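Please follow the account below with the sequence and the coordinates at hand. It takes up a helix pair, a strand with its partners, and a residue in a loop.

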Amino acid sequence: MLKKSFFLFSIISSAVIAQNKPIQFITLDPGHFHAALVQNKTYENVEKVVNVYAPSGQDLQDHLKRIESYNTRAKNPTNWQENVYQGNDYLEKMIAEKKGNVLVIAGNNKKKTEYIIKAAEAGINILADKPMCIDTKGYIQLQKAFEAAKKNNVLLYDIMTERSEITTVLQKELSQISTIFGTLKKGTPADPSIIKESVHHFYKYVSGSPLKRPTWFMDVSQQGEGIVDVTTHLVDLVQWAAFPNVTLSTKDVELTSAKRWPTTMTLSQFSLITGSSTFPDFLKKDLKNDTTLNIFANGEINYRLKGVNAKVKVLWNYSTPEGGDTHYSIMKGTKANLEIRQGKEEKFVPQLYIKPLNLTDSELTSAFETLKAKFAGINLKKQGSEWLVEIPDVYRTGHEAHFGEVMDRFLDYKAKNQLPAWEVPNMLVKYYTTTKALELAKKK
């Protein structure tokens, strides 16, 4: 009996030691600037040495420059040390050496799903940028990757930064206060109860500098079409806000329509954001009249989730004369609508509005006290027929900071060695929705 007890104690002690082991990041083929943004801050219990595995090339050099800019900035500098392996066998080398226990993947989406499944099979925890797959074939691979992660007792999670945006957080919170929102309407395909739209730009600034895009970013066979790329965030927010902590199934999804259309880009525009003076051969399939690139970066999905009609839409423009990427969202309740706007009137800062339907001012202000107790400093301000939710700047951490916030959540899950029970099923539902929508849009 004593021997058996000692054996069990040894197993438990080993598990505790493994969970308390310092975190060490691995970065694999960092082709997207999101790979660097998770290192825009430092973390407790995370080693400063990061092992990077990548092919030689400009993508790697751009990544290392971004990390160096964080290390040398005047305010809150980081102290990352990048230990780099360059070679064509970078994936095999990373798996063979396993110099770390949290793998960050943000880059070419054509390769990403393969990276994910091989890392999961090797028993490595993975934090992957969206999208984790860009077509039906990739979705099938992703299902296998989650099975491998479960078998090997490791975590596989995607970077959903929009869950950290304060207006989105408060919209979700308000939708759960029945005395303000009532209940979520079912809506119709013509009048959805949830609408989420985002506008993005190929030319923009990140960390204070013009963003240099890799040439493959404009190839939808490598980056993915807009309908399976940025819409990943929007579909995630529909699920997360409308059905919080609910485990969903693909049977809950019913697509009603989907469409896609291109953004055009001239060679001079392409050269400005990539540094390349010519279109590479892999983009020639997308050229119109040999001079203009057609990029299928725009998409719209109309669908029902557990009977609730939703619409998500993504637009990509080349650039904007003012402002930056923007987000629009509305949730329609029986007592009020909750609307996020980020236009010129809002000075391109996301703002949350409550539009009462069957709700008196006194009922709203009284019920809002519950939320004020949870988020100190927020207030209501009457503006015509609607109310602005005033949000202190302390909550407006910004898009770049959201990557660190996602990493904080992931590290917390890693410490517990467990994701919330609904996360994995709902990730699969999310990617089922986007990849099936792409199939449907292509049929048209």
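In this predicted model, helix α4, which spans residues 90-97, packs against helix α5, residues 109-121, at an angle of about 20°. The axes of α4 and α5 lie 11 Å apart. Two packed helices are described by just these terms, the angle between their axes and the distance between the axes. Because angles under 35 degrees count as roughly parallel, α4 and α5 are roughly parallel to each other. The crossing of α4 past α5 is right-handed. On the α4 side the contact is made by Tyr90, Leu91 and Ile95, and on the α5 side by Lys111, Glu114, Tyr115 and Lys118. By class, four residues of this contact are nonpolar and three are charged, while no polar residue takes part.

The next element to consider is strand β15, residues 336-341. How many of the six residues of β15 are buried? Six of the six are, so the strand is largely enclosed by the rest of the structure. The cut-off behind this statement is a relative accessible area under 20%, which is what buried means here. In a regular strand the side chains alternate between the two faces of the sheet. In β15, Ala336, Leu338 and Ile340 point one way, whereas Asn337, Glu339 and Arg341 point the other way. The residues of both sets are buried, the charged Glu339 and Arg341 included.

Strand β15 has pairing partners in β14 and β16. Strand β14, residues 326-332, runs antiparallel to β15 and is joined to it by four bridges. One of the residues involved is Ile330, whose bridge partner in β15 is Glu339. The connection from β14 to β15 is a hairpin through three residues. Strand β16, residues 351-356, is also antiparallel to β15, and six bridges join the two. Here Asn337 has Lys355 of β16 as its bridge partner. Asn337 and Glu339, which point the same way from β15, thus appear in the pairing as well, Asn337 with β16 and Glu339 with β14.

The last stop is a loop residue. Ile134 lies between β5 (125-128) and α6 (136-151). Is Ile134 buried or exposed? With a relative accessible area of 9%, Ile134 is buried, because buried means under 20%. Beyond its neighbours within four places in sequence, Ile134 is in contact with Asn109 and Lys110, with residues including Val220, Ser221, Gln222, Gln223, Gly224 and Val228, and with Thr435 and Leu438. Val220 is 86 residues from Ile134 in sequence, yet the C-alpha atoms of the two are 9.2 Å apart in space.

Technical notes
Residues numbered from 1 in each chain as written. Predicted model: local features only at pLDDT ≥ 70, side-chain atom pairs only at ≥ 80, totals over all residues. Heavy atoms only, no water. Axes fitted to C-alpha atoms, helices over the stretch in contact; angles between N-to-C directions. Parallel < 35°, antiparallel > 145°, perpendicular 65-115°, else oblique. Left-handed = near helix turned anticlockwise from the far one by under 90°. Contact = heavy atoms within 4.5 Å. Buried < 20%, exposed > 50% of the residue type's maximum accessible area, 1.4 Å probe, protein only. Pairing = 2+ DSSP bridges.
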